[in-house]
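Me: Please take a close look at one part of this structure, the sheet and the helices that go with it. I should like a connected account of how the strands are arranged and what packs against them.

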Amino acid sequence: MSDAKKLFIKTYGCQMNVYDSERMAESLGGSGYTQVATADEADLILLNTCHIREKAAEKVYSELGRMKPLKDARPDLKIGVAGCVAQAEGAEILRRQPIVDLVVGPQSYHRLPEMEARIQTGKTALDTDFPAETKFDQLGKRPTAARAPSAFMTVQEGCDKFCTFCVVPYTRGSEVSRPVDRLLTEARDLVARGVREITLLGQNVNAYHGTGPDGREWGLAQLIRALAEIDGLARLRYTTSHPNDMEDDLIAAHGDCPELMPYLHLPVQSGSDRVLKAMNRNHTAEGYLRLIERIRAVRPDLLLSGDFIVGFPGETDAEFDATMDLVRTVGYGQAYSFKYSPRPGTPAAERTPVPEAVATDRLHRLQALLSEQQYAAQDAMIGREVGVLFEKIGRMEGQLIGKSDHLHSVHAVADPALIGQVVPVRIDASARNSLSGTVLKP
């Protein structure tokens, strides 16, 4: 019978939190923990939290309240809160929820083994520092176990843009980029474990400026080209980007680097210049449109994704209409849209909000347009041959599920031996959020 301790991690929010949860699990693996699928089985529960949306902290407290019966039944169970809510709330979490043993911010999780040892002595552990050493310097080499064909890899963290609606600079800190050599090593290790597609992550990923092996600063395009040379790595993507950091060489990479997939998430947030200025975005709607033209000139089949906020304080009907006009001009294959939600401590939170009913109506109208564009983009794939990286077995008998070049979810009847391979598939039909097709002979 194994003496391994059991770890359950619940991950909220962005892809970077998914990556962080993986690294936390790997870090605690050295302390004897193996991951389990449910909280009921665990000796240690970690909630890796997100602070982007409204009432994020209250949702965490509600989740902790639901865990109180588990703690009452098993007093030796340890519970921790990690991520951006942990960073923002700090000691307040320990005060409000005595069942919590550990609170760790997103820049300090490399210290988890020491914190875990502390809580095993009956003490609590709190670390929300922005340490001088980066967590990536301290984390060990990744394990060698096989893994899924697609993986995330954080290359940059933090943001210096200070959009007036956003908490990221306060919870993740200023921009830090990882050295190229370490990223190449991590990517090679992932490929050796079966990974064929890597998505490069950053709060502002195209602001990447890591130190290269030549001692000079490398941009994201140079990093992408170096990663593309790794034997066995078939695909690269990156997210999330800022329009102001789409430099010429990165635009060029979309045209001349076949490993870089024809999908780009490039948030604009609003189509109104006055609102963009109030958001401190430091770009205009017209500048964004001209940028999209330049990118599509080098990659005409690019599928574009974006983020939109409606109901930002002071947004008028005409300014919302400008956002709708921008969406119609661009044509998005996918997008994320939200009503503005005030984040404590951000400048916009001090401003008078748009009435809730007005914001809700605008969101519904925007989402209807974005959905129409998404379905049109999917329908346009019918009859086309696309490359699909099969990732897992589907729910239907004989079915595999994977991702197309354009990040569409695709399912097809196929041999499980094709998992981990990029396979040509003819798209036959489009459903609400996926495509189905027929595997073609390579």
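Reply: In this predicted model, strand β1 (residues 5-11) and strand β3 (residues 44-49) run parallel and are joined by five bridges. Within that pairing, Phe8 stands opposite Ile45 in β3.

Strand β1 also pairs with strand β2 (residues 33-35), again in the parallel sense, over three bridges. Here Lys6 has Thr34 of β2 as its bridge partner. Between β1 and β2 the chain passes through helix α1 (residues 15-29), and the resulting β-α-β crossover is right-handed.

These pairings belong to an open sheet of six strands, in which the order is β2-β1-β3-β4-β5-β6 and the pairing is parallel. The edges are taken by β2 and β6 (125-127); each has a single partner strand, so one side of each lacks a neighbour in the sheet. From one strand to the next, the twist averages 20°.

Towards the β6 edge, strand β5 (residues 102-104) and β6 are paired in the parallel sense by three bridges. Leu102 has Ala125 in β6 as its bridge partner. Helix α5 (residues 112-119) packs on the sheet and touches β1, β2, β3, β4 (78-83), β5 and β6. The direction of α5 makes about 165° with that of β5.

Helix α5 also packs with α1, the helix of the crossover described above. The axes of α1 and α5 lie 9 Å apart, at an angle of about 60°. The two helices are therefore oblique to each other, and their crossing is right-handed. On the α1 side the contact involves Met24, Ser27 and Leu28, which meet Leu112, Pro113 and Glu116 in α5. Classified by residue type, this contact has four nonpolar, one polar and one charged residues.

A further helix pair may be set beside this one. Helix α13 (residues 317-330) and helix α14 (residues 356-379) have axes that come within 10 Å and cross at roughly 5°. That angle makes α13 roughly parallel to α14. In α13, the residues Asp317, Phe320, Asp321, Met324, Val327 and Arg328 meet Arg362, Arg365, Leu366, Leu369, Leu370 and Gln373 of α14. By class, the contact of α13 with α14 has six nonpolar, one polar and five charged residues.

Methods
Residues are numbered from 1 along each chain as its sequence is written. This is a predicted model: local features need pLDDT of at least 70, side-chain atom pairs count only at pLDDT 80 or more; totals for chains, interfaces and linings use all residues. Side-chain values use heavy atoms; hydrogens and water are left out. Axes are lines fitted to C-alpha atoms, for helices over the stretch in contact, and angles run from 0 to 180 degrees between N-to-C directions. Helices (H or I, at least four residues) and strands (E, at least two) are DSSP runs, numbered from the N terminus. Angles under 35 degrees count as roughly parallel, over 145 as roughly antiparallel, 65 to 115 as roughly perpendicular and the rest as oblique. Contact means heavy atoms within 4.5 Å. Ala, Val, Leu, Ile, Met, Phe, Trp, Tyr, Cys and Pro count as nonpolar, Asp, Glu, Lys and Arg as charged, and the others, Gly among them, as polar. Two strands pair if DSSP finds at least two bridges between them. A crossover is right-handed if, with the strands pointing away from the viewer, the path from the first strand over the helix to the second runs clockwise. A crossing is left-handed if the near helix is turned anticlockwise from the far one by less than a right angle, and right-handed if clockwise.
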